[in-house]
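Please examine the structure shown below together with its sequence. The paragraphs that follow lead through its salt bridges, its sheets, its surface charge and its backbone geometry.

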Amino acid sequence: MIRRLQDIDVQGAEVLLRVDFNVPMSDGAITDDTRIRRALPTIRHLQEQGCKTVICSHLGRPRGRPDPKLSLEAAATHLAALLEAEIVFAHGTVGDDIEELARDLPAGGLMMVENLRFNAGEKGANKDFAVALSRLGRIFVNDAFGAMHRPDASIALVPGLMEQAVIGPLVANEIEALAKLVDSPKRPVVGILGGAKVSDKIDIVEALARRCDALLIGGAMAYTFLVAKEQEVGRSRVERDKIRLATRVLERCEERGTRVLLPIDHVVAEKMAEDAEVQVVETIPEDMIALDIGPSTVKAFSEELGAAATVFWNGPMGVFEMTPFAGGTKGVAEAVAASPAYTIVGGGDSAAAVAAFDLSERMDHVSTGGGASLAYLQGADLPGLRAIVQRGS
Ligand code: ADP
Ligand code: MG
């Protein structure tokens with residue numbers, strides 16, 4: 001069993017808490033604070049236990065050097081406001097000064113260090129950087145599910161260097177939910193795959209297909225599969241170099257008896273634009289792009305979902321960000337919400353779509369970490385979990 005924060009006594013301890021405050025920013029302002037809000041219960045628990053807590057996170061891709069646009073100071077200020085508590089912000093990540101600031105915290109005090117990725121040692125999984133970070137506390141708590149699949153210093157190395165290392169409640173909750181799909185799920189299991197890139201997701205298609213009784217494929221991903229079945233797709237997005245792979249996935253599914261449903265109708269347009277003129281077709285005309293699944297496909301997918309006992313969904317069914325192409329994703333989201341099955345939604349854009357349709361509450365689990373949830377489903381060992389399991393205590 002993996003050790004969890006809930007299971008250990010942290011009273012008065014010096015804690016280094018790894019969170020995922022990789023929040024969307026625009027002109028220095030946070031545009032969506034969901035990830036910060038989700039961490040509040042964990043932080044409040046540490047405050048109540050009188051811990052001296054040092055919070056660390058990454059933000060964006062600053063490529064190993066400071067970038068004022070990607071400072072975590074705005075996140076620290078916002079967190080302080082949400083908690084109505086004081087937070088010491090350290091304008092650096094590691095070093096003597098920062099250790100001293102941490103030592104000087106009062107019981108129940110909070111401090112946040114600067115973006116871990118301002119230091120090349122984070123992404124470089126540098127041992128010295130990890131050692132320096134580990135000096136910021138005695139107990140390590142990883143509550144950054146969205147980063148658990150990365151072999152970075154704060155995720156994969158720091159746990160082995162501290163007195164104790166545990167997962168936080170957010171990570172525990174994610175793993176518990178995903179385990180219901182991985183370990184003997186209730187059948188039938190229906191997987192829904194969509195989104196943009198086959199190349200990014202081809203491994204997950206295979207892994208998911210193995211766990212599913214039926215696989216529903218929509219989004220841009222569908223057109224590579226339709227080409228594999230020798231159908232006309234017009235100017236829709238196709239990854240030519242993945243067609244053979246798609247063919248092989250379809251063959252394996254057939255051998256295994258996994259039913260694969262592809263779109264049977266499409267919302268097409270000449271351009272991808274908010275004001276585009278759209279048409280619903282069964283055969284995609286040569287000069288058109290398919291940008292959403294059509295209503296008959298939504299109906300066919302919904303019937304499968306109505307009979308499912310477990311559902312995992314990753315990837316929007318169309319360009320849901322634009323009104324003319326949002327219907328397919330919305331229809332499928334409604335069918336998933338209405339399904340009596342245990343339902344999990346994973347993936348950044350998928351979660352955003354479900355939130356935009358105001359259906360998040362009606363899903364059993366919405367994963368905060370797209371990449372991490374997919375890696376977990378593939379059976380890939382998450383470096384962040386492995387590091388905590390391996391040290392045993
Ligand atoms: P997630 O973040 O949930 O894993 P992805 O990042 O793989 O999902 O894909 C989301 C993107 O896929 C969205 O921005 C959406 O507009 C795009 N998309 C979906 N269907 C199509 C399509 N038919 N053509 C082009 N882009 C599409
Ligand atoms: Mg995405």
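**Salt bridges, strands and backbone**

A total of 19 salt bridges is counted, taking as the criterion a side-chain nitrogen of Lys or Arg within 4 Å of a carboxyl oxygen of Asp or Glu. The model in which they are found is a predicted one.

One of these salt bridges joins Arg256 and Glu206, with 3.2 Å between the closest N and O atoms. Arg256 belongs to helix H10 (residues 243-256) and Glu206 to helix H8 (residues 198-211), so this contact ties together parts that are 50 residues apart in sequence. The two partners can also be placed by their accessibility. Arg256 counts as partly exposed because its relative accessibility is 35%, whereas Glu206, with a relative accessible area of 13%, is buried. The pair also belongs to a network of salt bridges that links Glu206, Arg210, Arg252 and Arg256.

A second salt bridge is formed by the side chains of Arg259 and Glu304, at 2.4 Å from N to O. Here strand E11 contributes Arg259 and helix H11 (residues 295-306) contributes Glu304, so the contact ties together parts that are 45 residues apart in sequence. Arg259 is partly exposed, at 43% relative accessibility, and Glu304 is buried, at 14%.

Helix H11 also holds a salt bridge between Glu303 and Lys299, whose closest N and O atoms are 3.8 Å apart. Why are Glu303 and Lys299 separated by about one helical turn? They are four residues apart in helix H11, which means a separation of about one helical turn. Both Glu303 and Lys299 are exposed.

Attention now turns to the strands. Strands of a sheet pair through backbone hydrogen bonds, in either the parallel or the antiparallel sense. In this model an open sheet of six strands follows the order E11-E10-E9-E15-E16-E17, and its pairing is parallel. Strand E11 (259-261) and strand E17 (365-366) are the edge strands, each pairing on one side only.

Within that order, strand E9 (residues 189-193) pairs with strand E10 (residues 214-217) in the parallel sense over four bridges. Leu193 has Ile217 of E10 as its bridge partner. E9 is also joined to E15 by five bridges, again with the strands running parallel, and there Leu193 stands opposite Asn314 in E15. Leu193 thus has a counterpart in E10 and another in E15.

Is strand E15 (residues 310-314) mostly covered or mostly uncovered? Strand E15 is mostly covered, with five of its five residues buried. On one side lie Thr310, Phe312 and Asn314, on the other Val311 and Trp313, and both faces are covered. This arrangement can be read against a common pattern: in a regular strand, side chains alternate between the two faces of the sheet. E15 is further joined to strand E16 (residues 342-345) by four bridges, the two running parallel, and Ile344 in E16 is the bridge partner of Phe312.

Antiparallel pairing is found around strand E12 (residues 266-269). From this strand His266 and Val268 point one way and Val267 and Ala269 the other, and all are buried. Three bridges pair E12 with E13 in the antiparallel sense, with His266 opposite Val281 in E13. E12 also runs antiparallel to E14, to which it is joined by four bridges; the bridge partner of Val267 in E14 is Asp292.

The loop between strand E13 (279-281) and strand E14 (289-293) contains Asp287. Asp287 counts as partly exposed because its relative accessibility is 41%. On the surface, Asp287 gathers with Glu232, Glu270, Glu277 and Glu286 in a patch of negative charge.

The last features concern the backbone. Most residues other than glycine have a negative phi, and most peptide bonds are trans. The peptide bond from Arg187 to Pro188, however, is cis, with omega near 0°. Pro188 is placed in the loop between helix H7 (169-182) and E9.

Two residues other than glycine may be noted for a positive phi. For Arg63 the value is near 60°, and the residue lies in the loop between strand E4 (52-56) and helix H2 (73-83). At 68% relative accessibility, Arg63 is exposed. For Ala125 phi is near 50°, in the loop between helix H4 (120-123) and helix H5 (127-134). Ala125 is partly exposed, at 31% relative accessibility.

Notes:
Residues numbered from 1 in each chain as written. Chains lettered and ligands numbered in written order. Predicted model: local features only at pLDDT ≥ 70, side-chain atom pairs only at ≥ 80, totals over all residues. Heavy atoms only, no water. Patch = residues over 30% accessible without salt bridge, like charges linked within 9 Å, V, L, I, M, F, W, Y side chains within 5 Å. Areas by Shrake-Rupley, 256 points an atom, 1.4 Å probe, with all protein chains shown as cover. Lys, Arg positive; Asp, Glu negative; His and termini not counted. Charge placed at Lys NZ, Arg CZ, Asp CG, Glu CD. Buried < 20%, exposed > 50% of the residue type's maximum accessible area, 1.4 Å probe, protein only. Pairing = 2+ DSSP bridges.
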